[in-house]
Amino acid sequence: MTEAQTVRIEHLRRRQPRFSGLAPGHRACQGCGQALAARLVTEATGPDVAVTNATGCLEIFTTPWPESSWRVPWLHSLFENAAAVASGVEAAWRMQGRESKVLAFAGDGGTFDIGLQALSGMVERDHDVLFVCYDNEAYMNTGIQRSSSTPHAAATTTSPAGSERMGKRHLKKDILGIIAAHNMPYAATASVAYPSDLRTKVRRAMAVKGPTFLQIYAPCPLGWAHGGELSIEVARLAVQTGIFPLIEMERGRVIGVMPVREQRPVTDFLRPQGRFAHLFEDHARAREELAHLQALADHNIERYGLAGEAPQRFDSEGADTVHRGGVRRG
Ligand SMILES: Cc1ncc(C[n+]2csc(CCOP(=O)(O)OP(=O)(O)O)c2C)c(N)n1
Ligand code: SF4
Ligand SMILES: [Mg+2]
């Protein structure tokens with residue numbers, strides 16, 4: 001190894017976060033987006049937090065009794081009430097005069113569906129909690145059932161593709177729109193393909209007094225039917241096609257977006273994933289659905305003004321973009 005290489009590696013080491021709330025050796029599948037996302041979130045929060053965790057993959061793979069991968073205080077909650085349990089912890093800490101932030105973690109099922117009422121109550125009561133939704137777009141823990149976050153046309157075990165239908169009939173729920181309607185102090189979307197952006201958003205959310213919300217795009221190789229080595233690539237393509245816009249909101253107003261430097265066709269994002277394989281069969285319905293998904297992506301680009309005019313450091317191709325093998329392109 002040359003001297004220059006040694007210096008660069010030492011520089012990289014110094015830049016590594018000093019704390020991670022999630023220890024290695026848990027039981028997630030290889031390439032699990034959720035495991036990476038939870039690690040990145042706790043790297044940004046530091047140790048002075050407590051986590052309440054709705055039932056779902058994250059809870060299951062991190063806490064097989066009597067072991068735990070968590071390096072922060074961690075509480076199991078039911079599938080539906082991570083936000084309610086976090087509210088209780090936060091209220092108790094407030095009474096004790098403690099300042100630490102409480103985190104509530106849930107999957108898309110525990111956020112978009114069964115946990116929505118508890119989340120809405122938590123925000124309305126103004127609890128000082130950061131709620132993080134790990135969005136893998138289905139109920140993975142129980143066998144890949146569709147949720148209201150599952151994208152249109154994706155095949156799951158309860159929205160199969162066949163002669164009757166082309167995967168899920170309905171659209172992905174606009175959870176950020178619902179959160180925005182609560183006059184939320186801070187809410188954002190993030191992706192495991194853009195780790196610095198993700199950690200920055202966590203730090204911003206932690207700095208706000210009151211409820212904050214993050215929706216993190218977290219590929220699931222098992223449920224999306226792609227190789228574990230493709231997770232980051234698929235997550236990046238979701239952003240670069242306009243399928244999953246990265247935005248920040250304050251009190252319901254969009255205050256920042258990650259520009260998309262060159263919008264890629266949605267087929268680039270869909271093709272590596274087995275859950276969309278039926279869309280590449282040679283018939284009119286499949287072509288119609290592909291056009292529909294392209295229109296949805298185009299709508300996102302227009303709705304949030306994502307089209308980048310000139311290359312920028314922090315756009316979808318910029319310095320924060322992680323490519324396969326962990327190489328960043330600047
Ligand atoms: C009231 C209730 N209904 C159903 C279940 C079974 N259940 C546990 S986790 C889960 C799905 C979790 O999906 P999600 O929140 O998206 O998390 P993921 O496993 O995908 O990470 C279901 C249906 C339960 N625990 N409680
Ligand atoms: S099923 Fe999906 S979400 Fe669950 S541990 Fe495996 S990759 Fe992660
Ligand atoms: Mg899920």
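**Exercise 1.** In this predicted model, determine whether helix 2 is largely enclosed or not, and explain why.

*Solution.* Start with the cut-off. A residue is buried if 20 or more other C-beta atoms lie within 10 Å of its own. Apply it along the helix. Gly 33, Gln 34, Ala 35, Leu 36, Ala 37, Ala 38, Arg 39, Leu 40, Val 41, Thr 42, Ala 44 and Thr 45 are buried. That is 12 of the 13 residues, so helix 2 is largely enclosed by the rest of the structure.

**Exercise 2.** Compare the span of helix 2 with the expected value, then find what follows the helix.

*Solution.* Helix 2 reaches 18 Å from its first C-alpha to its last. The expected span, at 1.5 Å a residue, is 18 Å, and the two values are close. Next comes Gly 46, with a positive phi near 80°.

**Exercise 3.** Place helix 2 in the largest nonpolar core.

*Solution.* The core has 87 residues. Helix 2 (residues 33–45) gives the most to it, with seven residues. Val 192 is among the residues with the most contacts inside the core. Now list its partners, leaving aside neighbours within four places in sequence. Val 192 is in contact with residues including Gly 33, Leu 36, Ala 37 and Leu 40. Its other contacts include Leu 198, Ile 216 and Ile 232.

**Exercise 4.** Which element gives the largest share of the shell around ligand 2, and how do the shell residues divide by type?

*Solution.* Helix 3 (57–62) and helix 9 (221–224) each give two or more residues. Helix 9 has the largest share, with three residues. By type, the shell has nine nonpolar residues, three polar and no charged. Among its members are Cys 29, Gln 34, Cys 57 and Cys 220.

Terms used. Residues are numbered from 1 along each chain as its sequence is written. Chains are lettered from A and ligands numbered from 1 in the order in which they are written. This is a predicted model: local features need pLDDT of at least 70, side-chain atom pairs count only at pLDDT 80 or more; totals for chains, interfaces and linings use all residues. A residue is near a molecule or strand if its C-beta atom, placed from the backbone, lies within 6 Å of it. Helices (H or I, at least four residues) and strands (E, at least two) are DSSP runs, numbered from the N terminus. Ala, Val, Leu, Ile, Met, Phe, Trp, Tyr, Cys and Pro count as nonpolar, Asp, Glu, Lys and Arg as charged, and the others, Gly among them, as polar. A nonpolar core is a set of buried Ala, Val, Leu, Ile, Met, Phe, Trp, Tyr and Cys residues joined through C-beta atoms within 7 Å. Two residues are in contact if their C-beta atoms, placed from the backbone, lie within 7 Å. The expected span of a helix is 1.5 Å times one less than its number of residues.
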